Amino acid sequence: MSTSISLINLVGPKSAPVTLALKMLDRLVGVKKMDALYKQHQMQGLKKEQFAEKLLQVLNIEVLGGDSVQKNIPKTGPLVIASNHPFGGIEGVILCLLIGQIRPDLQVLANQGLKLFPELKDYFIFTNPLSERDPKNTPSIRASLKHVKQGGALLVFPAGRVAYYQGDKKRISEHHWNRIVGKLIDSSQAHFLPIFVSGQNSPLFYRLGRVYFRFRLLMLARELLNKNNSQIKITCGSLVKPNTYKVKDSKQHAALCRIQSYSQDPLWRMDWPDNQSVQQAPIADQTPWQEIANELALLPQEQCLLVHKQFSVYYGFQHQLPKTVFEIARLRELVFRQHNEGSGEPIDTDAFDATYTQLFVVNNEKQNIIGAYRMGQTDKLLEQGDITQLYLARMFNFSPGFVNQQQPCLELGRSFLVPEYQKSFQGLFLLWRGIGAFVCKFPHYRTLYGTVSLSKLYNPRSVALIQQALVSPTESVTPHKEFDFALHPEISDFAKQYDLSTHLTTLLAAIESDGKDIPVLAKHYLKLGAKFHCLGIDGNFNDTPGLLLSVELPKAPEKLLKLYLGDAWKQYASFEG
């Protein structure tokens, strides 16, 4: 079959004048040239895979990123793959070929424009995206859903049309995504793979599209030929499990899938500075337990905050516990290095270890320290009015109006748990039982503040999303060194319409290859009712990003106050000293 614009259902019955006009249009928009190319290279009638390979070869198009896309495609099981639609044709050919090599069961829910490639018809389930609620689309939607429910792979271009210039955005952008993409994922419990294809069509394409939107469809063949001798980059996110989505509204679900695609845009990327060139000294030798036990035996009894099963929680100071604090600093360095942080020195220590309070948990049976917090008692540290006595003053500009200069606070930092306890409830529970016991002993501390480190094992895109979702900037504190990485404009538009914080876990799932969610400690602070003030880069801690937050502890949920403060929670909450 010869390629012709008449294959695209743009007009009704074709009279003689209409047929003549279509032939002229074929020549004008490049379809005639495409037809000649078909015949010259004997492409008619090829099998779909052969045709796709031949077309890319004839046009001398180099596909970048294909291997990484294929690595993320599961070989079996229900799968929905969605991509942006920058060109209107060639990306469909590329993705059919790439995905089909891994998933021979691939079907593509496509618009009428791809009828330009009759050899690829076996891939396609055709629909009319220009009319989202067209009842004629029902059979194609049913066929798509049936295919995925039966364990098949489905590729969708949910925008339904080629990206175009949008005056309100003042940029080339996609139409909103059809809600069918969310319905397909929900109804079939399919995994979702977001894909982003980089590039744009010619300026003429967008100019004509602004005159009349159907001109964009007419120009597809011409734009495909314009891709001759070019490179086209394909990027994809991590595979997203169906139960990751916590949104019931199908329109919002589709919008969420859309920005998961845009979050793969190579233009929205940055790399962390390479600090690996700094030589890391060997970790210091472990402190003999007997030396620690001797120091603990000399502590005043009231500095043992609680005993729980085989664990004891203490607080103390470096002048009381030099060997113990050395071991805490050694463990800090050991744990922080695992998260691409740390000082690179044998132990993680600084001058603040001498002035801050150490709160730590001991496993008496195994005779080791399992975790610790470093706490700054601001009323003592700021007795002389010197803000530099606070560690976080090296990271943030605190105005006199910030809470740490308005009332006694506890500045929390340098928290860690040894690997054995990092994914258990018990470790974090014991640390916070210790903090609870400490504030009950010193109830004038009403506000806790500190940072949650965002390890550089997080992708910078994830850090940008976390910052946008959690931070409510105030004038009372700003970072010395900002995290200078703006959101992708499409994600920024999404955040204006929807609450980004409710979708944060889902967004990170498509970025973080190991499935990381926001830090456990950040989740914990959120449950306590934390307010996140800003995000800064800690130049004294391997340039690690940190979220500054504060918690008004008496206003925390009663359930958590009971959990961490025990029977004394009411007395603490009502304290008016």
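Helices and strands are here DSSP runs, with at least four residues for a helix and at least two for a strand, numbered from the N terminus. With that in hand, here are some exercises on this structure, which is a predicted model.

**Exercise 1. Get an overview of the protein.**
Find how many helices and strands the protein has, and what percentage of its residues count as buried.

*Solution.*
- Step 1: Start with the secondary structure, which comes to 21 helices and 19 strands.
- Step 2: Look at the extent. Along the principal axes, the C-alpha atoms fill a box of roughly 100 × 45 × 40 Å.
- Step 3: Turn to burial. The protein has 577 residues, and 55% of them count as buried.
- Step 4: Finish with the contacts. Take those between residues at least 6 apart in sequence: 76% of them join residues at least 24 apart.

**Exercise 2. Explore helix α7 and what follows.**
Which residues of helix α7 are buried, and against which elements do they pack?

*Solution.*
- Step 1: Locate the helix, which covers residues 180-188.
- Step 2: Pick out its buried residues: I180, V181, G182, L184, I185 and S188.
- Step 3: Recall a general point about helices. An α-helix has 3.6 residues a turn, so residues three or four places apart point the same way.
- Step 4: Find the partners. The buried residues of α7 pack against β2 (79-83), α6 (138-149), β5 (153-156), β8 (191-197) and α11 (250-262).
- Step 5: Move just past the end of α7, where Q189 has a positive phi of about 55 degrees.

**Exercise 3. Compare R414 and D543.**
For each residue, find the phi angle and the place in the structure, then decide: buried or partly exposed?

*Solution.*
- Step 1: Take R414. Its phi is near 55 degrees, a positive value in a residue other than glycine.
- Step 2: Place R414 in strand β15.
- Step 3: Apply the cut-off for buried, which is under 20% relative accessible area. R414 has a relative accessibility of 13%, so R414 counts as buried.
- Step 4: Take D543. Its phi is also positive and near 55 degrees, again in a residue other than glycine.
- Step 5: Place D543 in the loop between β18 (531-538) and β19.
- Step 6: Judge its exposure. At 21% relative accessibility, D543 counts as partly exposed.

**Exercise 4. Classify two aromatic pairs.**
What kind of pair do F311 and Y421 form, and what kind do Y315 and F438 form?

*Solution.*
- Step 1: Know what to look for. A pair of aromatic rings is described by the distance of the centres and the angle of the planes.
- Step 2: Set the scene: the structure holds 26 aromatic pairs.
- Step 3: Check F311 and Y421. Their ring centres are 6.1 Å apart and their planes stand at 85 degrees, so this pair is edge-to-face.
- Step 4: Trace where these rings come from. F311 is in strand β11 (residues 311-316), while Y421 is in the loop between β15 (409-417) and α15 (425-441), so the pair ties together parts 110 residues apart in sequence. Both F311 and Y421 are buried.
- Step 5: Check Y315 and F438. With 5.1 Å from centre to centre and 85 degrees between the planes, this pair is edge-to-face.
- Step 6: Trace these as well. Y315 belongs to strand β11 and F438 to helix α15, so the pair ties together parts 123 residues apart in sequence. Y315 and F438 are both buried.

**Exercise 5. Find charges over rings.**
Which residue lies over the face of Y572, and which over the face of Y458?

*Solution.*
- Step 1: At Y572, the residue over the face is R446, 4.4 Å from the ring centre.
- Step 2: At Y458, the residue over the face is K516, 5.2 Å from the ring centre.

**Exercise 6. Describe the largest pocket.**
What is its volume, and which element gives the largest share of its lining?

*Solution.*
- Step 1: The volume of the largest pocket is about 1400 Å³.
- Step 2: There are 47 lining residues, and the closest to the centre are H339, Q422, P519, V520 and L521.
- Step 3: Among the elements that give two or more residues to the lining are α13 (322-338), β16 (447-453) and α19 (520-527).
- Step 4: The largest share, seven residues, comes from β15.
- Step 5: Sorted by class, the lining has 25 nonpolar, eleven polar and eleven charged residues.

How values were computed
Residues are numbered from 1 along each chain as its sequence is written. This is a predicted model: local features need pLDDT of at least 70, side-chain atom pairs count only at pLDDT 80 or more; totals for chains, interfaces and linings use all residues. Side-chain values use heavy atoms; hydrogens and water are left out. Rings of Phe, Tyr and Trp (its six-membered ring) pair if their centres lie within 6.5 Å; planes under 30 degrees apart count as stacked, over 60 as edge-to-face and the rest as tilted. Buried means under 20% relative accessible area, exposed over 50%, partly exposed in between (1.4 Å probe, protein chains only). A charge sits over a ring if NZ of Lys or CZ of Arg is within 6 Å of the ring centre and within 35 degrees of the ring normal. On a 1 Å grid over the protein atoms alone, a cavity is a set of points where a 1.4 Å probe fits but cannot get out, and a pocket is an open set with protein on both sides within 12 Å along at least five of seven lines; lining residues have an atom within 4 Å of a point. Grid points are joined across faces, edges and corners, and a volume is the space filled by probe spheres set on the points. Ala, Val, Leu, Ile, Met, Phe, Trp, Tyr, Cys and Pro count as nonpolar, Asp, Glu, Lys and Arg as charged, and the others, Gly among them, as polar. Contact means heavy atoms within 4.5 Å.
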